[in-house]
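Hi,

Here is the structure I promised to pass on. Have a look at it first, and then read my notes below.

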Amino acid sequence: MNPRKALLILVPYMWLLALFLVPFVIVLKISLSDVELAIPPYTPTLDISAGWAGLKDFLSQLDFENYVWLTQDDLYWKAYLSSLQIAVVSTFLTLLVGFPIAYGMANAPDEWRPTLMMLVILPFWTSFLIRVYAWMGILSNEGFLNQFLLWTGLISEPLTILNTNTAVYIGIVYTYLPFMILPIYSTLEKLDGSLLEAAEDLGCTRTTAFWLVTLPLSRPGVIAGCFLVFIPALGEFVIPSLLGGSDTLMIGKVLWEEFFSNRDWPVASAVAVVLLALLIIPIVLFQRQQERQQEAEK
Amino acid sequence: MSEPAPSTGPSVFAPWNDPAERPLIQFQNVTKRFGDFTAIDNLTVDIYAREFFALLGPSGCGKTTLMRMLAGFETPTEGYILLDGSDIGSVPPNRRAVNMMFQSYALFPHLTVSENIAFGLKRDKLPKDQIAARVDEMLRLVQLQKFAGRKPHQISGGQRQRVALARSLAKAPKLLLLDEPLGALDKKLRTDTQFELMEIQETTGTTFVIVTHDQEEAMTVASRVAVMDHGKMVQVDTPDRIYETPNSVYVADFIGDVNLVEGTASAHHRDGKIEIHWAEGKPPIVGTPMQPIADGTRCTFAIRPEKVHISKEHPEGKSNIMQGKIIDIAYLGNISTYHVQIPTGEIFKAQTANTRRIERRKFTWDDEVWLWWSETAGVVLTG
Ligand SMILES: Nc1ncnc2c1ncn2[C@@H]1O[C@H](COP(=O)(O)OP(=O)(O)OP(=O)(O)O)[C@@H](O)[C@H]1O
Ligand SMILES: [Mg+2]
């Protein structure tokens, strides 16, 4: 490999090293430490001046205690499972909402598409937090939604939506919808219209052509969209803590509480490391899928 | 097109000359506009069952549009298209006994070669073994048995074209539309496939409408050729008549190589022949007009290069003799085309078969030669 090429490849690796690997090693180290009332609130800390013996001493104090603890208290695995469930369900709901929107955009007249695209991206122009707070205003008992439903006479009592899992689903679907729409839209937009004509020519109705041609060919977009929603939703913290109730159990919330309420950094770090390990599986699957897709498009 | 073909035996396939024959497809004053652009312009034509109807014309003249109207993807802006006597304007593509091979192939990228071919058969809910047998037959026909399990992106352009052909043939439709079906094939495979197509046509009785840019192909396979220009059919005729008796300069120029000479007609005494005065101080060209031409009409004399004889000696007792100098020779293997410049500057092309090896050729550059042709060899065109 020539040096220029090596240099080019080095840049992203340095980036990865600085922004992922180094912080990860630090977190991993903390997760193997013990909690202590000090600053920083864990022990041991590496004393470089003690030299080789210091390092040995340091390493001998690290253990897997915190990971064992995670398996002993059922709060943790329940939180993981519940997060997984919420992430799966909300990814599915996002797909249900996102696919028709992407399909509609891809079939809209050419001159409309930039506008529609703009509308999908527009929410990003305001702060995420503000938008989540806005949903609190919409979903609360005296909120717009309830007022509207009461006004139409559909309900006589306000619905309790805020501080339930329903509100969390609404929040996640709303927040991550663009990540679902955009990849699906880009595959549908690339779809060669003559394929649908060929399907019709060979005896398909419009509907069967959709099932046999459009849907299978949009699969890469659907998969990409699902991963892009599922991965952040799994570790989501802001939405469940603002829109969810006391019974909404998500690992992101547990993590936050360990860090800031209990000040138990080692356990919190262990939770984070396990979460990362859980996320690596779908991320690797996603990468493999992307590679296969690129292979197929060549 | 207008006058009946010379009387031929009853075995010759020419339903268009038989007034009792009912056409399979009728275009009745069909116009197709995209916005204010007219792609098909008031077109009326009949296509008969078992015909091999070839559409020939420059890019953008409306060939694909015509096919798409037959397949049902476009509806005529004006006029009617009848299939078997009934208007098919409102019949959706999946209900027409018509299959189309797309110019872009439109193969399903997520399906294998054999799944692509089976696609239409599955829609007909045929039994599995019947589908498999038919797919096998089609694969054999296009010589792709080895590639049955590959996806379209794993095969070459020519192979893709053959898959598209097989897929459109699989359902054995009443009418098959082929939009440049053989363009990406090499010469040998193309010739093979052409004969294959003709054989399929004979055995199944399918009617073919085929778009091609290859005149030789149109000449080989077609029962009739339609030469199109700007959404109109300029001439619809059998291949030999299109070639021998084009009805306009456009057709003569579009099909094959031709020498064109413009001039003014004057009536000639001998059996309807006329003289064309084409240059000051030059003897007029004697030719046979297709229709009677009035004195003084501007007209174009068209003659194919292979009908122009070339010799070193002055031909005795011939009409239409010219002398010139060879300025270019195009050697095409079996034939050579000589570009001969006559003293007034015009260049005539003459073609001869290369019956001898190239080094024994009779003529070479800068040779003074004589050109001549018979009085019936060319046509006189007024359009
Ligand atoms: N959907 C459409 N909208 C607007 N114009 C169109 C449309 N389809 C075709 N045209 C125009 O109609 C004309 C005829 O197109 P068509 O595709 O029939 O040409 P063609 O004879 O098949 O050409 P080629 O030999 O290049 O395939 C072209 O000028 C084309 O630009
Ligand atoms: Mg075309």
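Let's start with the place where two parts of chain B come together, keeping in mind that this is a predicted model. Domain 1 of chain B and domain 2 of chain B bury about 680 Å² between them, and 59% of that area is on carbon and sulfur atoms. Three residues of domain 1 stand out here: B:Tyr243, B:Pro246 and B:Val249 supply 67% of the area that domain 1 of chain B buries against domain 2 of chain B, more than any other three residues.

To find the two domains in your viewer, select 16-249 of chain B for domain 1 and 257-381 for domain 2, as the domain assignment gives them. Their C-alpha centres lie 39 Å apart. Where the domains touch, eight residues of domain 1 of chain B are in contact with eight residues of domain 2 of chain B.

What about charges across this interface? The rule finds one salt bridge between domain 1 of chain B and domain 2 of chain B. The partners are B:Glu244 and B:Lys307, with their closest N and O atoms 2.9 Å apart. On the domain 1 side, helix H7 (residues 239-244) of chain B gives the most to the surface touching domain 2 of chain B, with three residues. That side of domain 1 of chain B divides into four nonpolar residues, three polar and one charged. Counting polar contacts, you get three residue pairs between domain 1 of chain B and domain 2 of chain B.

Next, go to helix H1 (residues 63-71) of chain B. Eight of its nine residues are buried, so the helix is largely enclosed by the rest of the structure. Among the buried ones in H1(B) are B:Lys63 and B:Arg68, along with B:Leu66, B:Met67, B:Met69 and B:Leu70. Right after H1(B) comes B:Gly72, which has a positive phi, near 105°.

One last stop: B:Glu375, in the loop between strand S19 (368-372) and strand S20 (379-381) of chain B. Is B:Glu375 buried or exposed? Its relative accessibility is 11%, and buried means under 20%, so B:Glu375 counts as buried. Which side chains does the side chain of B:Glu375 make polar contacts with? One is the side chain of B:Lys273, at 3.1 Å, and another is the side chain of B:Ser319, at 3.2 Å.

Have fun clicking around!

Cheers

Definitions and conventions. Residues numbered from 1 in each chain as written. Chains lettered and ligands numbered in written order. Predicted model: local features only at pLDDT ≥ 70, side-chain atom pairs only at ≥ 80, totals over all residues. Heavy atoms only, no water. Domains from an automatic or database assignment. Contact = heavy atoms within 4.5 Å. Buried area = accessible area lost by both parts, 1.4 Å probe. Salt bridge = Lys/Arg side-chain N within 4 Å of Asp/Glu carboxyl O. Polar contact = N/O pair within 3.5 Å; in protein donor to acceptor, adjacent residues only side chain to side chain. Helix = DSSP H or I, 4+ residues; strand = E, 2+ residues; numbered from the N terminus. Nonpolar A, V, L, I, M, F, W, Y, C, P; charged D, E, K, R; others polar. Buried < 20%, exposed > 50% of the residue type's maximum accessible area, 1.4 Å probe, protein only.
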